[in-house]
Amino acid sequence: MSSQSSQRPTVSVVVPIYNVERYLRTCVDSLRKQSLNNMEIILVDDGSPDRSGIIADELASRYDSVKVIHQKNAGLGPARNTGIEHATGEYVGFVDSDDWVDANMFADLYAAAKRNQADIVFGGHKDMVNGNVNNVKPHPLAGKTLNTRTDILSARERLFGHLPYDSEVESFPMRVWTGIYRNDFLMKHALRFKPILSEDTIFNLSAYQCAQVITFTDGTAYCYRMDDQPSIMRSFSSKKLNQYTAFLDELFRIAEQDPQCERCMLRARRMAVDYCRLYVGLIAGARLSWRQQLHEVRRLVSSDMFNRYCRDYPLDSLPTQQRLFHAALMSNRLNEALLLLHVRQLLKKRIWK
């Protein structure tokens, strides 16, 4: 056995797999071509019904750095947990199997981690449409290292969402796939993903809470695919309302325990308002008749989640378009609210073209 192969891997990259036979080779190829040496690639086949598991096995048979774990379908969070439990690298990263990364991504993250002795390192990403860069999004804290509890908890607070009257439109980055986490740190604090929608936000709230040092690089090497591929976050299901409710209930539970409870609760309420808009957007993009879409929007405005977290939100604190939309929801002008989301989606498609 060579000296390199006997060393602990630098970074273990966990790649959950489900229905991605069209994209998996591109994803793994980008990981194999990383400029960082001695990486470990862990493919977790989450009971995928297509050929993804077969492709993963083929890749593992060809490349020593690729490992495959097959399991019954359990969801994205549990699949990532399986990867964490099998990761042997100094740091652990996560890449979604329909995305890919530039060749320098993990070398840059790992170098920043070692330089600053960081528990977590985050970079930015690029939105990709049909292989072309649609938007470049550096992390808003790029170039900074947080090593005091005050600074880390101040950044953590932003994970709950915007404050009322916030001038920022873009959400504070909550995804795990632009960063790496020290493996020993994950193990010491038993950090795992919950089987819940938007699991990245809940995971990072715990990770920020435990971290001693967090570094942010100016890289944007993660390529986030925004084509028409199926996605749990972009597709409508009648079960989605309960899933959103479960996420928001958990978010508010964590906010209530925070020393800055009042501010975190305000941020969480704004998050709930944003999720209502996202939910109606999914309805507007679904293959449903107008009558069926109205029925689903009516379910939303009559739900406990909407009435508990959104009903009395201060509308004058929202940007103009959002204010018009939520005013329509709150006054039961559901046709108007739905039409606003349809127009927004049409405009977005024209911009992308």
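Visitor: Which helix is L347 found in?
Guide: L347 is in helix 14. Helices here are DSSP runs of H or I with at least four residues, strands are E runs of at least two, and both are numbered from the N terminus.

Visitor: Is this a predicted model, and what are the ground rules?
Guide: Yes, the model is predicted: local features need pLDDT of at least 70, side-chain atom pairs count only at pLDDT 80 or more, and totals for chains, interfaces and linings use all residues. Residues are numbered from 1 along each chain as its sequence is written, and side-chain values use heavy atoms, leaving out hydrogens and water.

Visitor: Back to L347: what's its relative accessible area?
Guide: 48%, so L347 is partly exposed. That class lies between buried (under 20% relative accessible area) and exposed (over 50%), with a 1.4 Å probe and protein chains only.

Visitor: Which residues make the nonpolar surface patch?
Guide: W290, L339, V343 and L347, with about 360 Å² between them. Helix 14 (residues 334–352) gives the largest share, three residues. Patch members have over 30% relative accessible area and no salt bridge; nonpolar side chains (Val, Leu, Ile, Met, Phe, Trp, Tyr) are joined within 5 Å, like charges within 9 Å. A salt bridge puts a Lys or Arg side-chain nitrogen within 4 Å of an Asp or Glu carboxyl oxygen. Areas are Shrake-Rupley, 1.4 Å probe, with only the protein chains shown as cover for residues.

Visitor: New topic: what's the strand order in the open sheet?
Guide: 3-2-1-4-10-6-11-9, eight strands with mixed pairing. Strands 3 (66–71) and 9 (145–146) are at the edges with a single partner strand each, so one side of each has no neighbour in the sheet. Pairing takes at least two DSSP bridges.

Visitor: What does strand 4 pair with?
Guide: Strand 1 (residues 11–17) runs parallel to strand 4 over four bridges, with V13 opposite G93. Strand 10 (residues 179–182) is antiparallel to strand 4, with three bridges, and V92 faces Y181 there.

Visitor: Are the residues on the faces of strand 4 buried or exposed?
Guide: Buried on both: Y91 and G93 on one side, V92 and F94 on the other.

Visitor: And what does K144 contact?
Guide: Beyond four places in sequence, K144 contacts I214, T215 and F216, meaning heavy atoms within 4.5 Å. K144 lies in the loop between strand 8 (132–137) and strand 9.

Visitor: Where does pLDDT stay under 50?
Guide: Over residues 1–5. The chain averages 93, on a 0 to 100 scale of the predictor's confidence in each residue. Where pLDDT is low, don't read the predicted coordinates in detail.
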